[in-house]
Amino acid sequence: MRTQEAAGFIETFGFLPAVEAADVCLKTANVSLVSKQNSGGGLVTIIIRGDVGAVKAAIEAGTMAADRVGKVVSTHVIARPVTELNALLAGTTEKTAPVVSQPEAESQPETVVTEGTMETNGSSAPTMDELQAFRTVELRNMARQLSDFPMSKQEIKFAKKDALIQAMVEYHQRVK
């Protein structure tokens, strides 16, 4: 990747518009797809590189295509990004599981989220305080993994943090 190449970004709400944007960008001009970033909350950003004119044309065409199948949140072109941005722009194409850091507290049990289950060292059910440490999107993902969770997928999708925490506490009390 040359350092003087322009960088173009299209951020969409959802995966499908991002795929459509990337496809059209690559077909429109001589650009290359650098990465796809999942920002969370359904936001997906594609990053392309190439000559300034090619990137501008590709971003414009990709934006129009993505708008036909979904929602474009934002677009941007950086004509000559500084060299230090290359590592950021060439980031991973998949988002890894979020690392949740909790404030240090004496003898606070550690919450571990594994495939389909949530376990707390020392007890079988997480406390409200432990659940408060998670972001809403993480709580939604955990709720989707629990079998027989009292909320439907649609309810989970729009649930607020407090409602998710309450449902999880009730769920864990029920399955004890």
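1. In which helix is Ala22 found? Ala22 belongs to helix α1. The model under review is a predicted one, and the points below should be read with that in mind. Ala22 has a relative accessible area of 9% and is therefore buried, since a residue counts as buried when this value is under 20%. Leaving aside residues up to four places away in sequence, Ala22 touches Leu33 and Ile46. Ala22 and Ala61 are 39 residues apart along the chain, and their C-alpha atoms are separated by 9.8 Å.

2. The overall layout comes next. The chain holds seven helices and six strands. Read from the N terminus on, the order of the elements is β-α-β-β-α-β-α-β-β-α-α-α-α. The chain has 176 residues, of which 36% count as buried. Among contacts between residues at least 6 apart in sequence, 64% join residues that are at least 24 apart.

3. Helix α2 covers residues 52–69 and permits a simple check of length. What span should its 18 residues have? At 1.5 Å a residue the expected span is 26 Å, and the C-alpha atoms at the two ends are 26 Å apart, so the expectation and the model agree.

4. The surroundings of α2 deserve a separate point. The buried residues of this helix are Ala54, Val55, Ala58, Ile59, Ala61, Gly62, Thr63, Ala65 and Ala66. Against which elements do the buried residues of α2 pack? They pack against four strands and one helix, namely β1 (6–13), β2 (31–40), β3 (43–50), β4 (71–78) and α1 (15–28).

5. The pairing of α1 with α2 can be described in detail. Their axes come within 7 Å and cross at roughly 145°. The crossing in which α1 passes α2 is right-handed. On the α1 side, the contact is made by Leu16, Pro17, Glu20, Ala21, Val24, Cys25 and Thr28. On the α2 side, the residues are Ala57, Ala58, Ile59, Ala61, Gly62, Ala65, Ala66 and Val69. By type, the residues of this contact divide into 12 nonpolar, two polar and one charged.

6. How many salt bridges does the count come to? The count comes to two. One of them joins Asp23 and Lys27, whose closest N and O atoms are 3.0 Å apart. Both residues lie in helix α1, and because they are four residues apart, about one helical turn separates them. In general, an α-helix has 3.6 residues a turn, so residues three or four places apart point the same way. Asp23 counts as partly exposed, because its relative accessibility is 32%. Lys27 counts as exposed, because its relative accessibility is 64%.

7. A salt bridge is also formed by Glu138 with Arg135, and here the closest N and O atoms are 3.5 Å apart. Is Glu138 buried or exposed? Glu138 has a relative accessible area of 7% and is therefore buried. Arg135, with a relative accessible area of 43%, is partly exposed.

8. A final point concerns Leu131, which lies in helix α4 (residues 128–132). Its relative accessibility is 0%, so Leu131 counts as buried. Leu131 and Met168 are 37 residues apart along the chain, while the distance between their C-alpha atoms is 8.6 Å.

Key. Residues numbered from 1 in each chain as written. Predicted model: local features only at pLDDT ≥ 70, side-chain atom pairs only at ≥ 80, totals over all residues. Heavy atoms only, no water. Expected span 1.5 Å × (residues − 1). Buried < 20%, exposed > 50% of the residue type's maximum accessible area, 1.4 Å probe, protein only. Contact = heavy atoms within 4.5 Å. Salt bridge = Lys/Arg side-chain N within 4 Å of Asp/Glu carboxyl O. Axes fitted to C-alpha atoms, helices over the stretch in contact; angles between N-to-C directions. Left-handed = near helix turned anticlockwise from the far one by under 90°. Nonpolar A, V, L, I, M, F, W, Y, C, P; charged D, E, K, R; others polar.
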